[in-house]
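This report covers the pockets of one protein model and the contacts around its ligand. The sequence and structure come first, and the description follows.

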Amino acid sequence: MSDGIVFIDGKYVRPEEARMSIFDSGFVWGDVVYDVTSAWKRWIFKIDEHLERFHQSIEGFRLVSPYSVDEMRRIIAECVERAGLEDAYIKMQMTRGVIPSQTRDPRLGDCQFVAYATPYAWIWGEEKCRNGVNLYLSSIERVSSKAIDQRFKNYDRADLVQSRFEAYDHGCDDSLLCGPDGNLTEGPGYNVFVVRAGKVSTPDSNILEGITRRSVRELCETEGIPYEERKVHPDELNEAEEIFCSTTAGGVMPVTQLDSRLIGNGHKGILTSRIQELYWRKREEGWHGTRVEDVLNG
Ligand SMILES: Cc1ncc(COP(=O)(O)O)c(C=O)c1O
């Protein structure tokens, strides 16, 4: 299988050929926004919603894109096409570029756009994403949206990475973090949902508003499953009948243990299974999808 194609400096290259300056403010200041979508059976999922969120992240970080949205749409489709992938993980990323060495003025950066398509990746491996994971409620606080607006998808992820270490230290697979107000936020790369009395609830603030989360909302609405976005206290995890997470790189993913304590009977819950099954069946059928060739021929 192809290991993917990267678009960098206006050229399509193999991943091992892609190089960036160590002076890019993406590395020096963590000054980066990005977005990730996926192709499934060559259907690119919600391409315009991802481009729209990417555009909002770029504006939110006061970056200046060297490419228009239409050009970026074509570039990501071209990456999938050239990589020859059916199922792909598709990333677009914008850094502020190199700031001249005698200044710290972020306005002087020359923004750099990089995109790539690599084989579809499951955040915890396919088996755990489909059947269940053991999460740890971290003691590390998610950075406040007052400091870094989490609606803008960004690489300032030290809190998320440290929480993952903490989870591993406790024998768990990954973590969940609370925000400055003590309420639940999200995990390192996914939104979280708690099911109680047949109702699905998910945190409403200090989070990245996931596109998969929107898809969960849509599926709940069409299936008549009660759904709400609100403050979720971490104690609710202990009272949950089911817990699940959502992300582009894994879809709808059951949580079957919390700090190694079983949720429900320790198997993926009935509601979680229903939403997960629908999500993947619809993805196979091209739900909210755009064919790679339609972007390229458009
Ligand atoms: C912090 C964070 N929250 C949530 C998500 C899920 O977003 P999406 O469903 O758009 O992939 C991600 C995805 O990478 C993320 O990094």
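## Pockets and ligand

The largest pocket in this predicted model has a volume of about 550 Å³. Its lining is made up of 31 residues, and those closest to the centre are Y34, K153, R157, G189 and T247. Two or more lining residues come from each of β3 (32-40), β5 (88-95), α5 (158-169), β9 (184-187), β10 (190-196), α6 (211-223) and β13 (242-247). By type, twelve residues of this lining are nonpolar, ten are polar and nine are charged. The largest pocket lies between domain 1 (5-119) and domain 2 (126-284), because both domains give residues to its lining.

The second largest pocket has a volume of about 150 Å³. F23, S25, V28, W29, V98, I99, P100, S101, T103 and R104 line this second pocket. Six of these residues are nonpolar, three are polar and one is charged.

What surrounds the ligand? There are 17 residues around it, of which K153, E186, I211, T212 and T248 are the closest. Three side chains place a polar atom at the distances below from an atom of the ligand.

| Residue | Ligand atom | Distance |
|---|---|---|
| R53 | oxygen | 2.9 Å |
| E186 | nitrogen | 2.7 Å |
| T248 | oxygen | 2.6 Å |

The ligand taken alone exposes 390 Å², and the protein buries 95% of that area. E186 and T248 thus appear both among the closest residues and in the table, E186 with a ligand nitrogen and T248 with a ligand oxygen.

Technical notes
Residues numbered from 1 in each chain as written. Predicted model: local features only at pLDDT ≥ 70, side-chain atom pairs only at ≥ 80, totals over all residues. Heavy atoms only, no water. 1 Å grid on protein atoms, 1.4 Å probe; cavity = no way out; pocket = protein on both sides within 12 Å on 5 of 7 lines; lining within 4 Å. Points joined across faces, edges and corners; volume = space filled by probe spheres on them. Helix = DSSP H or I, 4+ residues; strand = E, 2+ residues; numbered from the N terminus. Nonpolar A, V, L, I, M, F, W, Y, C, P; charged D, E, K, R; others polar. Domains from an automatic or database assignment. Near = heavy atom within 4 Å. Polar contact = N/O pair within 3.5 Å; in protein donor to acceptor, adjacent residues only side chain to side chain. Areas by Shrake-Rupley, 256 points an atom, 1.4 Å probe, with all protein chains shown as cover.
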